[in-house]
Amino acid sequence: MNDFAGEVLGTTGLARSFTQGGKTIHVLRGVDLSVKAGEIVALLGPSGSGKSTLLQAVGLLEGGFEGSIRIGGQEAASLDDRGRTKLRRETLGFVYQFHHLLPDFTATENVVLPQLVRGTKKPAAETRANDLLSTLGLAERLDHRPAALSGGEQQRVAVARALANRPLLVLADEPTGNLDEKTADRVLAEFVRLVRGEGAAALIATHNERLAAAMDRVLRLHEGVLA
């Protein structure tokens, strides 16, 4: 379990714009954001509001942003590409709407691989993977490949993978958007419970008001401005 205290994620004046057809499009307009350790925050907004762009920014997945991004107290702008990659690997976990599991690997193997990349020994990585998957109700599905799993089961594997390296912060982009309502509710409840149990924080982008209401706090993004 993480024992980090204080601000896990902070942004100041975060901005992103694109030039298209000679016109400047402002996607993020000076976003100030703070997520504390152990806090689960919903990022609510309609399609096109800039939610995915904001997650890509704070996830250090692409450049071109203005302003400050702090993760675990470290300023990302002061780091080179290698430093940002290290910070992302050691502090962040990701869950997407589409699970992006490796099709030729079992559920356990999909959760083991990111741990091996970080340097965890295989036996310990397998134990960690199986523990997470079992907690998510997949004890009988450990050796199944993604094609043999339901949509909800695949997304549970993606959740386990995101938490495998004990991140300070999990970033989730519409993590239940590809599931039916009943399955979405169940997966989200398991996701939140596991994140809390791990002592991690989470920023979860969604357009679903009902799901957002289950979080500790709701932030609303509209036309690149955070309320």
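A nonpolar core is taken here as a set of buried Ala, Val, Leu, Ile, Met, Phe, Trp, Tyr and Cys residues joined through side-chain atoms within 4.5 Å. In this predicted model, the largest such core has 36 residues. Val111, Leu133, Val157 and Phe191 are the members with the most contacts inside the core. At least two core residues each are supplied by β3 (40–44), α3, α4 (122–135), α5, β7 (169–173), α6 (181–198), β8 (201–206) and α7 (209–212). The largest share comes from α5, with six residues. A second core, separate from this one, contains 30 residues, including Leu14, Leu79, Leu168 and Leu221.

The surroundings of two residues, Val157 and Ala160, were examined further. When neighbours within four places in sequence are left aside, Val157 is in contact with Leu101, Ala107, Asn110, Val111, Leu133, Leu138 and Leu149. Ala160 is located in helix α5. Because its relative accessibility is 0%, Ala160 counts as buried, the cut-off being under 20%. With residues up to four places away in sequence not counted, Ala160 touches Val111, Leu132, Leu133 and Leu136. Val111 and Leu133 thus appear in the contact list of Val157 and in that of Ala160. Between Ala160 and Gly30 the C-alpha to C-alpha distance is 33 Å, for a sequence separation of 130 residues.

At the level of the whole chain, seven helices and 10 strands are present. The radius of gyration is 17 Å, close to the 17 Å given by the globule rule for 227 residues, so the chain is as compact as a globular protein of that length. Taken along the principal axes, the box filled by the C-alpha atoms is roughly 50 × 40 × 35 Å. Of the 227 residues, 48% are buried. Among contacts with a separation of 6 or more, 74% are between residues 24 or more positions apart.

Pockets were considered next. The largest pocket has a volume of about 320 Å³. Its lining consists of Leu61, Arg88, Arg89, Leu92, Gly93, Phe94, Tyr96, Pro114, Val117, Arg161, Ala162 and Asn165. Four elements, α2 (81–91), β6 (92–96), α3 (107–118) and α5 (151–163), each provide at least two of the lining residues. The strand β6 gives the most, with four residues. Sorted by class, this lining comprises seven nonpolar, two polar and three charged residues. Helices α3 and α5 therefore contribute at least two residues each to the lining of this pocket, under the element assignment used here, and at least two each to the largest nonpolar core.

The second largest pocket holds about 270 Å³ of space. It is lined by 17 residues, of which Leu60, Glu62, Gly63, Ile69 and Arg84 are the closest to its centre. Both β4 (66–71) and α2 supply at least two residues of this lining. The largest share, four residues, is from α2. By class, seven residues of the lining are nonpolar, five are polar and five are charged. Helix α2 is also among the elements that supply at least two residues to the lining of the largest pocket.

Methods
Residues are numbered from 1 along each chain as its sequence is written. This is a predicted model: local features need pLDDT of at least 70, side-chain atom pairs count only at pLDDT 80 or more; totals for chains, interfaces and linings use all residues. Side-chain values use heavy atoms; hydrogens and water are left out. On a 1 Å grid over the protein atoms alone, a cavity is a set of points where a 1.4 Å probe fits but cannot get out, and a pocket is an open set with protein on both sides within 12 Å along at least five of seven lines; lining residues have an atom within 4 Å of a point. Grid points are joined across faces, edges and corners, and a volume is the space filled by probe spheres set on the points. Ala, Val, Leu, Ile, Met, Phe, Trp, Tyr, Cys and Pro count as nonpolar, Asp, Glu, Lys and Arg as charged, and the others, Gly among them, as polar. Buried means under 20% relative accessible area, exposed over 50%, partly exposed in between (1.4 Å probe, protein chains only). Contact means heavy atoms within 4.5 Å. The radius of gyration is taken over C-alpha atoms; the globule rule is 2.2 Å times the number of residues to the power 0.38.
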